[in-house]
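Please read the report below alongside the sequence and the 3D view.

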Amino acid sequence: MYDEKSDTPAHAANTGINEDLGQVEYILTDKTGTLTENMMVFRRCCINGVCYGNESGDALKDSDLARAIANKVPEVVKFLTVMAICNTVVPIKSASGSISYKSQSQDEDALVNAASCLHMVLTSKTGNFLDMNFNGLVLRYEILDTLEFTSDRKCMSVVVRDCQNGRIMLLSKGADEAIFPCISSEQQVRPVVEAVEHFAQLGLRTLCLAWRDLKEDEYRDWSIMYKEASSSLIDREWKVAEVCQQLEHNLELLGATAIEDRLQDGVPETIETLRKAGINFWMLTGDKQNTAIQIALLCNFISPEPEGQLLLIQGKNLDEVSRSLERVLLTMRISSTEHKDVAFIVDGWTLEIILKHHYEAFTDLAMLSRTAICCRVTPSQKAQLVELLKACDYRTLAIGDGGNDVRMIQEAHIGVGISGREGLQAARAADFSIGKFRFLKRLILVHGRYSYNRTAFLSQYSFYKSLLICFIQIFFSFVSGVSGTSLFNSFSLMAYNVFYTSVPVLMSVLDKDLSERTVMQHPQILFYCQAGRLLNPSTFAGWFGRSLFHAAVVFLVTIHAYSNEKSEMEELSMVALSGCIWLQAFVITLETNSFTILQHAAIWGNLIAFYVINFIVSTIPWAGMYTIMFRVCKQPAYWLTMLAIIILGMGPITALKYFRYTYRSSAINILQQLERSQPNTHSNPNLEAPIKNMEREVSPLSVTHPKSSKASVYEPLLCESPSTKRAAGVAAFDFLQASPSRLSIIYSRSKNN
């Protein structure tokens, strides 16, 4: 997971939640910089109702725009002036005289560079003064105030003074929903509105530019209020926003810009694969609705008609939003029987009303939909949506690349940051950081799944080996008359946990039940991890029973083998301990899927080390085991006892495992058989039948129903039951229907609200 282009390796800041990656059910992702490259390119614009770049696809090469600039059309000059001035870009002049720009926002960088290509060149910024060159004419402006962009205002403005004539001007740029309400009622904005909609349908990022001349007295009075608000210690942001709103009104709309942000390589394939793995996707973006929809279609986020259906929740007030939400819930109920990929889309304003007045109804809607698009949302709303899904007990993963994604990343169970062009804020706040979105597929399917499998085995094996020695002690207590005497000495008990049984199991970190290639080709097997098939009360009960059975075998065989022998208790203890160690070696061998030299060395080398250590300790007179190992190993009964323990202890377990592997094969077993029979085959027609069997087995785990309780996560999912229904998503091969009774309750509740 190394990105060569940006020289960015993957990094894990929190290694304590690796296994959670294999149980992810919801991915909430930002758009800009996460799904896209965040390399902004100026493509089109609309100035005074005239669109440029529609024919060539590049406004910088539009002859009509070049002609308007050469003729110094006033509206065009104003438009370029706002592009060049309304930003926080810093020009840097090199020794050769060329000018480059440094900016915090890729949008600003694209606009300033485009203005430079259109002969409005920002040449220098010194203190509060900036210089520009327009067709050889030097222009100088003084920056009086900067009204910074915030996620709530969704626009930015600067107040400047033209040093040539002393005029004071307000230059603004921002989202259409923030600029259009501030436009003078006397101006006709319909051509620009239509242009913005057209640009958004092309998947371009849009910004609207506006302008207003200010009077000296008006600015002076406003400046006093702005300074007071800026120096306030209480509710500073709210007061500053209120003061800014007093100035940003009666604006003259100059036009709109359209910037292209190309989709990252591998994003559609990554999303498609993870959706097959039963993972649901939510896109949380600050972009315009049409732009978000186009990007979602491009990256396989939603399916086009007729396979998919996109439901819109909208409204300007509470009543309209309530009716819209009710219609969407009803439509979702009807569509659930049509095997469609249904998604809903909501904007930030509507979402604010819903979260305040219809929280429960929206929660129910979220449970019924695999995909959601939330546009024009603020960072706080992103965090609220993550919190909503967490409240439903879903395992969430949030991924983003900018500072506005930090709250979302920190709120989710797992945070993934992309080291992108907006800095390292998201990467530093996240549990894992990667260079590109496409690496998320490997992070979840390979590293997450392997970590979950290994953690499940390690935790249950540790539970097993500890109970094994405890049960033997309990059995011995009945023989010793419950006197409290320990069968094993203190050295043996310490060495059992520290040396004899710890080294082999540590090599389980190298175990792979399936190859990485197979896991990536068949992501549906992630359902087993999401459903908790390897770590739940049922599997714990199995290991508990195994430890009890093995303890009984070791104790009874040892007692009966040495019942007629005149042996010391230390000899009996060593025989029982040896039986435990032999069983441990065969248990780990039986449970290991892929062997390496290190694993063989750990398992059998540890067994040899057991005898070497005890032979050495047996030579020490004061160790309490003097000559014990030498005497025991000379007896044929000792080796016959070990053989009997291995046969009686591992025989039934091996037979049961063989029966399940042969006659009740899981999807993983089928793929393991295919790997061993065709290890070098990447694709083969013979795979079709086994994969269909796998789909039939795994599909019950992919039911799109809400969880009834947290306990359902850990219940054994040998068959589908109401308490084990998961929201792990619907696989591409199986769209399952929602419960009509459940939806009826949802609909009636929404109607009552």
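The sections below go from the overall makeup to single residues.

## Basis of the model

This is a predicted model: local features need pLDDT of at least 70, side-chain atom pairs count only at pLDDT 80 or more, and totals for chains, interfaces and linings use all residues. Residues are numbered from 1 along each chain as its sequence is written, and side-chain values use heavy atoms, with hydrogens and water left out.

## Overall makeup

The protein has 28 helices and 20 strands. Helices (H or I, at least four residues) and strands (E, at least two) are DSSP runs, numbered from the N terminus. Of the 753 residues, 52% are buried. Buried means under 20% relative accessible area, exposed means over 50%, and partly exposed lies in between (1.4 Å probe, protein chains only).

Contacts (heavy atoms within 4.5 Å) often span the sequence. Among those with a separation of 6 or more, 72% join residues 24 or more positions apart. About 33,300 Å² of the protein is exposed, and carbon and sulfur atoms supply 56% of that area. Accessible areas come from the Shrake-Rupley method with a 1.4 Å probe; for residues, only the protein chains shown count as cover.

## Nonpolar cores

The largest nonpolar core has 51 residues. Such a core is a set of buried Ala, Val, Leu, Ile, Met, Phe, Trp, Tyr and Cys residues joined through side-chain atoms within 4.5 Å. The residues with the most contacts inside this core are Ile 27, Phe 301, Leu 397, Ile 399, Val 416, Phe 437 and Leu 440. Helix α16 gives the most to this core, with eight residues. Apart from this core lies another, of 49 residues, among them Tyr 464, Val 553, Val 575 and Tyr 611.

Neighbours within four places in sequence aside, Leu 440 is in contact with Ile 27, Leu 274, Leu 397, Ile 399, Val 416 and Ile 434.

## Helices α11 and α16

Helix α11 covers residues 348-357, and Gly 348, Thr 350, Leu 351, Ile 353, Ile 354 and Leu 355 are buried there. Their cover includes β15 (308-313), α10 (318-335), β16 (341-347), α12 (359-368), β17 (371-375) and α13 (379-391). At the start of α11, a side-chain oxygen of Asp 347 comes within 3.4 Å of the backbone nitrogen of Trp 349. A polar contact is a pair of N or O atoms within 3.5 Å; within protein, one must be able to donate a hydrogen and the other to accept it, and residues adjacent in sequence count only if both atoms are side-chain atoms.

Ser 451 lies in helix α16, residues 439-479. Ser 451 counts as buried because its relative accessibility is 16%. A polar atom of its side chain lies 2.7 Å from the backbone oxygen of His 447. Outside its neighbours within four places in sequence, Ser 451 is in contact with Asn 18 and Glu 19.

## Salt bridges

The whole structure holds 34 salt bridges. A salt bridge is a side-chain nitrogen of Lys or Arg within 4 Å of a carboxyl oxygen of Asp or Glu. Lys 154 forms one with Glu 177, and the closest N and O atoms are 2.7 Å apart. Lys 154 lies in the loop between β9 (137-147) and β10 (155-162) and Glu 177 in helix α4 (residues 176-179), so the pair ties together parts 23 residues apart in sequence. Lys 154 is buried at 17% relative accessible area, whereas Glu 177 is partly exposed at 37%. Both belong to a salt-bridge network with Asp 176, Glu 197, Lys 288 and Arg 376.

Glu 411 and Lys 390 also meet in a salt bridge, at 3.6 Å from N to O. This pair links distant parts of the chain: Glu 411 is in helix α14 (residues 406-411) and Lys 390 in helix α13, 21 residues apart. Glu 411 is partly exposed at 24%, and Lys 390 is partly exposed at 28%.

## Surface and backbone

Leu 656, Tyr 658, Phe 659 and Tyr 663 make a nonpolar surface patch of about 500 Å². Patches are made of residues with over 30% relative accessible area and no salt bridge: like charges are joined within 9 Å, nonpolar side chains (Val, Leu, Ile, Met, Phe, Trp, Tyr) within 5 Å. Tyr 663 is found in helix α25, residues 636-663. Tyr 663 is exposed, with a relative accessible area of 60%.

Most residues other than glycine have a negative phi. Val 482 has a positive phi of about 50 degrees. Val 482 sits in the loop between α16 and α17 (490-500) and is exposed at 60% relative accessible area. Asn 48 also has a positive phi, near 55 degrees, and is found in the loop between β3 (36-47) and β4 (50-52).
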